Amino acid sequence: MKINTTIKSMIWICILLISTAIQCIAKGADLYFYGSEKNDLYQLLKREGFSIKKYNTPQAAVNAATQGSGVFIIASAYPKTDPVNRISQQLLDQASKKGIKLYVEYPSSFPGLTIPEKPIETHLERAVITEDVFGDNLKPMALFAVQNSFILPVEVNKPLIVLAKVVGFDKAEYGLKDTKAYPLLFEQGGALVSMTGLSNFETGRYGPQQSIKTVWKYILSRITGNQNINLDKWIEDVKPMFNRDEPLPANARLTTIKKGAQWFNNGRFFIDHSWKADWLKHDGSNNTEPLGPPVSQSKPSGDGSLGIIEGHTSTIYYDGSQQYRYWMRADVQGEVSMAMAAAGSLLNNKEYQTKSANLVNYLFKTSNLRAGNKNNPNSPAYGLLGWSTPNAVTFYGDDNSRAILGAIAAASYLHTDKWDKELTEAIIANFRTTGKQGFRGERLEEADIIKNGWQYYYNRNLVHESPHFESWMWACYLWLYSKTGYAPLLDRTKSAIKITMDGYPDQWKWGSSMQTQRARMILPLAWLVRIEDTPEHRQWLDKMVNEILKYQDASGAIQEELGKGKGMFKALNSNADYGTDEGSLIFKNGEKASCMLYTCNFALFSLNEAYRATGDKKYKGAVDKLSDFLTRIQVQSTKHHDLDGAWMRAFDYGRWDYWASNSDAGWGAWCTLTGWIQSWIVTSQIQIEQKNSFWEVTKNSAIKTKAKPVIEQMMK
């Protein structure tokens with residue numbers, strides 16, 4: 001038995017040595033290369049130890065290549081087409097005679113292919129595997145992202161990969177029917193040919209990493225003849241701060257807070273007077289899309305007096321930069337003021353505190369968000385906060401609630417009462433347009449409010465069981481009740497909460513995820529326990545916490561879940577539906593995606609409020625796990641300063657990568673948001689670090705003094 005074991009061990013050692021030798025020989029063999037030395041593939045091959053000989057033309061590379069060697073012909077300036085990168089029949093014949101294994105990328109011409117002069121720029125299209133050649137990790141219909149690529153459209157038979165707009169999380173669920181498919185990688189004339197800059201994988205931030213590495217292992221194995229390619233020196237320009245199982249340093253959360261707060265400046269999201277005109281070109285006025293290129297790092301960051309824009313869209317350009325969303329929204333002003341004030345207090349940073357105060361003044365005083373009828377005491381729209389500066393006559397209760405909560409927290413962190421009147425007016429303006437049952441509905445318009453009068457809304461019998469739109473305004477009512485004792489605030493809120501809890505889950509109108517609804521519902525339930533600690537209220541809170549924690553992964557991530565029945569957004573019933581409406585990060589339940597825009601951000605804040613209200617250790621465990629998860633997945637990037645310290649909307653905690661369905665129109669998988677995402681995560685991390693909560697931070701507010709006359713006047 002010992003002899004057999006020894007022989008087996010020696011055999012395995014020999015196999016390992018032979019395998020290593022083969023790999024060393026393959027790496028030692030020369031590779032011949034046409035393209036830029038800055039190209040991602042060229043740099044990767046160098047890091048991996050391959051010997052590369054570079055030439056000035058494709059023909060020169062083939063001429064120099066030895067018998068049976070590998071030649072890479074890459075476009076020199078992707079996404080520009082390369083007039084030198086013209087593949088002739090003579091070159092292909094010569095390569096064939098020498099047994100050269102040839103990879104050609106983004107050719108200007110190629111025998112047997114009709115190639116247009118200019119490429120097509122794609123947007124929502126993703127790469128779809130169409131042949132079973134990439135192994136178990138990438139079976140046919142598997143997806144990966146070649147971000148915002150430029151592709152030269154051609155027609156070929158049996159491509160290995162195509163680019164197409166398809167529905168699915170990591171699989172083309174409806175196949176390629178009813179969608180235009182562009183051949184991306186295929187065999188032609190004895191060569192492996194790509195019609196886009198597939199070698200732009202690092203710069204263009206292609207992903208998920210596991211999938212794009214698999215594709216390149218296949219290509220490199222084909223061209224080098226080495227079947228044991230590992231790619232150990234792979235680099236990502238944008239990646240999570242920590243791996244899934246990496247021990248967190250003792251100061252990890254504090255570092256997250258510092259980086260998260262500084263990100264607002266890193267991105268140049270605060271408008272500065274010196275480039276206000278540039279912002280106005282993209283601010284969404286005159287029915288234009290509020291989209292534009294990223295703000296140059298050479299421009300100064302503003303001081304908050306002109307407001308702060310939303311952040312990044314999900315569009316990643318070929319150079320790895322991301323498009324900005326220039327919308328100026330009321331909720332974002334309040335939310336960021338909270339995060340800046342909290343960070344300013346924790347870090348003793350006067351700059352952050354100044355920016356916080358300036359944002360609240362912008363929200364209430366100097367912008368149009370509370371101008372016109374909203375600032376006329378005789379108007380039924382008095383006190384409401386406009387949705388955004390280009391559309392200040394639309395009022396979402398949810399957006400108003402987050403602007404209000406943010407400004408309440410900012411005032412407490414800054415130890416000031418100078419906005420107490422405006423805060424009360426904003427809460428009561430929403431309350432008096434809330435119906436008898438405690439529901440306000442999704443949105444209201446200024447013209448309708450002025451036409452109907454606020455009493456019309458206050459006296460209507462509306463039921464709208466959507467915590468995403470309703471519940472945080474209930475939290476505002478509960479908070480103000482706790483300071484003033486104005487009973488109708490509590491009575492209508494309790495009525496709405498009971499109806500909503502009784503209707504769970506079948507009557508709930510869910511949006512991108514049922515988890516969103518649960519995350520939002522926890523906050524008013526926690527504060528209701530603060531005000532009336534009854535067995536029923538405890539039961540409601542515990543039920544909702546338990547429901548969301550059914551889907552908390554061991555990593556701390558909260559898994560997204562599609563609801564049944566009353567979904568808000570268009571169902572993805574065909575490939576044509578992809579990208580046409582707001583929607584989920586997943587296609588079906590069980591996919592390992594978590595959302596920082598709608599779920600994890602609000603869940604962290606709400607669960608901490610629940611724990612601090614009850615002392616329940618189960619709640620604390622959930623908070624700690626989710627806090628650690630968010631600490632781990634915060635973006636780190638030395639190349640993209642505007643992303644360093646951010647959280648993107650989507651994270652695939654199975655792959656441990658920034659990945660999900662990118663179907664959401666406006667706020668896709670790779671978006672950031674200064675308000676909804678960043679502000680609630682940063683603030684929650686600060687409160688967890690300091691072992692307190694929003695309720696405790698704001699407990700000494702003296703708003704009652706200014707609130708009582710406002711309530712009496714506005715509720716006449």
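The exercises below, each with a worked solution, concern a predicted model.

**Exercise 1. Place Lys165 in the fold and state which residues it touches.**

Solution.
- Step 1. Start with the secondary structure: strand 9 covers 161-164 and strand 10 covers 181-188, and Lys165 sits in the loop between these two strands.
- Step 2. Turn to accessibility. The relative accessible area of Lys165 is 23%. Buried requires a value under 20% and exposed a value over 50%, so Lys165 is partly exposed.
- Step 3. List the contacts. Leaving aside residues up to four places away in sequence, Lys165 touches Leu124, Glu125, Thr179, Lys180, Asn575, Ala576 and Tyr578.
- Step 4. Take one of these partners, Asn575. Lys165 and Asn575 are 410 residues apart along the chain, yet their C-alpha atoms are separated by 6.6 Å.
- Step 5. Look for a polar contact. The backbone oxygen of Tyr578 is reached by the side chain of Lys165 at 3.4 Å; the cut-off for such a pair is within 3.5 Å.

**Exercise 2. Describe the surroundings of Tyr106: is the residue buried or exposed?**

Solution.
- Step 1. Tyr106 is found in the loop between strand 4 (101-105) and strand 5 (120-121).
- Step 2. With a relative accessible area of 0%, Tyr106 is buried.
- Step 3. A polar atom of the Tyr106 side chain lies 2.7 Å from the backbone oxygen of Pro79.
- Step 4. For a C-alpha to C-alpha distance, take Ile151: Tyr106 and Ile151 are 7.8 Å apart in space and 45 residues apart in sequence.

**Exercise 3. Examine the salt bridge between Glu187 and Arg222: which elements hold the two residues?**

Solution.
- Step 1. The structure holds 36 salt bridges. In one of them the side chains of Glu187 and Arg222 meet, at 3.1 Å from N to O.
- Step 2. Glu187 belongs to strand 10 and Arg222 to helix 5 (residues 209-224), so the salt bridge ties together parts 35 residues apart in sequence.
- Step 3. Check both ends for accessibility. Glu187 is partly exposed at a relative accessible area of 46%, and Arg222 is partly exposed at 32%.

**Exercise 4. Examine the salt bridge between Asp399 and Arg329, then find the network that includes both residues.**

Solution.
- Step 1. The side chains of Asp399 and Arg329 meet in a salt bridge of 2.9 Å, N to O.
- Step 2. Locate the partners. Asp399 is in helix 10 (residues 397-414), while Arg329 is in the loop between strand 15 (322-325) and helix 8 (330-347); the pair links distant parts of the chain, 70 residues apart.
- Step 3. Asp399 has a relative accessible area of 8% and is buried. Arg329 is buried as well, at 5%.
- Step 4. Consider another salt bridge, in which the side chains of Glu445 and Arg443 meet at 2.6 Å, N to O. Glu445 is partly exposed at 24% relative accessibility, and Arg443 is partly exposed at 37%.
- Step 5. Follow shared partners. Salt bridges of this kind join Glu310, Arg325, Arg329, Asp331, Glu335, Asp398, Asp399, Arg402 and Arg520 into one network.

**Exercise 5. Characterise Gln333: which backbone oxygen does its side chain reach?**

Solution.
- Step 1. Gln333 lies in helix 8.
- Step 2. Gln333 counts as buried, at 0% relative accessibility.
- Step 3. The Gln333 side chain reaches the backbone oxygen of Arg329 at 2.9 Å.
- Step 4. Not counting residues up to four places away in sequence, Gln333 touches Gly307, Ile308, Met328, Leu359, Tyr362, Leu363 and Leu369.

**Exercise 6. Describe the largest cavity and the second largest pocket by volume and lining.**

Solution.
- Step 1. Count the cavities: there are two of 30 Å³ or more.
- Step 2. The volume of the largest cavity is about 210 Å³. Its lining comprises 19 residues, and those closest to its centre are Arg205, Tyr206, Glu236, Val238 and Asp657.
- Step 3. Sort the lining of the largest cavity by class: 11 residues are nonpolar, three polar and five charged.
- Step 4. The second largest pocket has a volume of about 310 Å³. Of the 20 residues in its lining, Trp510, Leu562, Lys570, Ala571 and Leu572 are the closest to its centre.
- Step 5. The lining of the second largest pocket divides into eight nonpolar, eight polar and four charged residues.

Technical notes: Residues are numbered from 1 along each chain as its sequence is written. This is a predicted model: local features need pLDDT of at least 70, side-chain atom pairs count only at pLDDT 80 or more; totals for chains, interfaces and linings use all residues. Side-chain values use heavy atoms; hydrogens and water are left out. Helices (H or I, at least four residues) and strands (E, at least two) are DSSP runs, numbered from the N terminus. Buried means under 20% relative accessible area, exposed over 50%, partly exposed in between (1.4 Å probe, protein chains only). Contact means heavy atoms within 4.5 Å. A polar contact is a pair of N or O atoms within 3.5 Å; within protein, one must be able to donate a hydrogen and the other to accept it, and residues adjacent in sequence count only if both atoms are side-chain atoms. On a 1 Å grid over the protein atoms alone, a cavity is a set of points where a 1.4 Å probe fits but cannot get out, and a pocket is an open set with protein on both sides within 12 Å along at least five of seven lines; lining residues have an atom within 4 Å of a point. Grid points are joined across faces, edges and corners, and a volume is the space filled by probe spheres set on the points. Ala, Val, Leu, Ile, Met, Phe, Trp, Tyr, Cys and Pro count as nonpolar, Asp, Glu, Lys and Arg as charged, and the others, Gly among them, as polar. A salt bridge is a side-chain nitrogen of Lys or Arg within 4 Å of a carboxyl oxygen of Asp or Glu.
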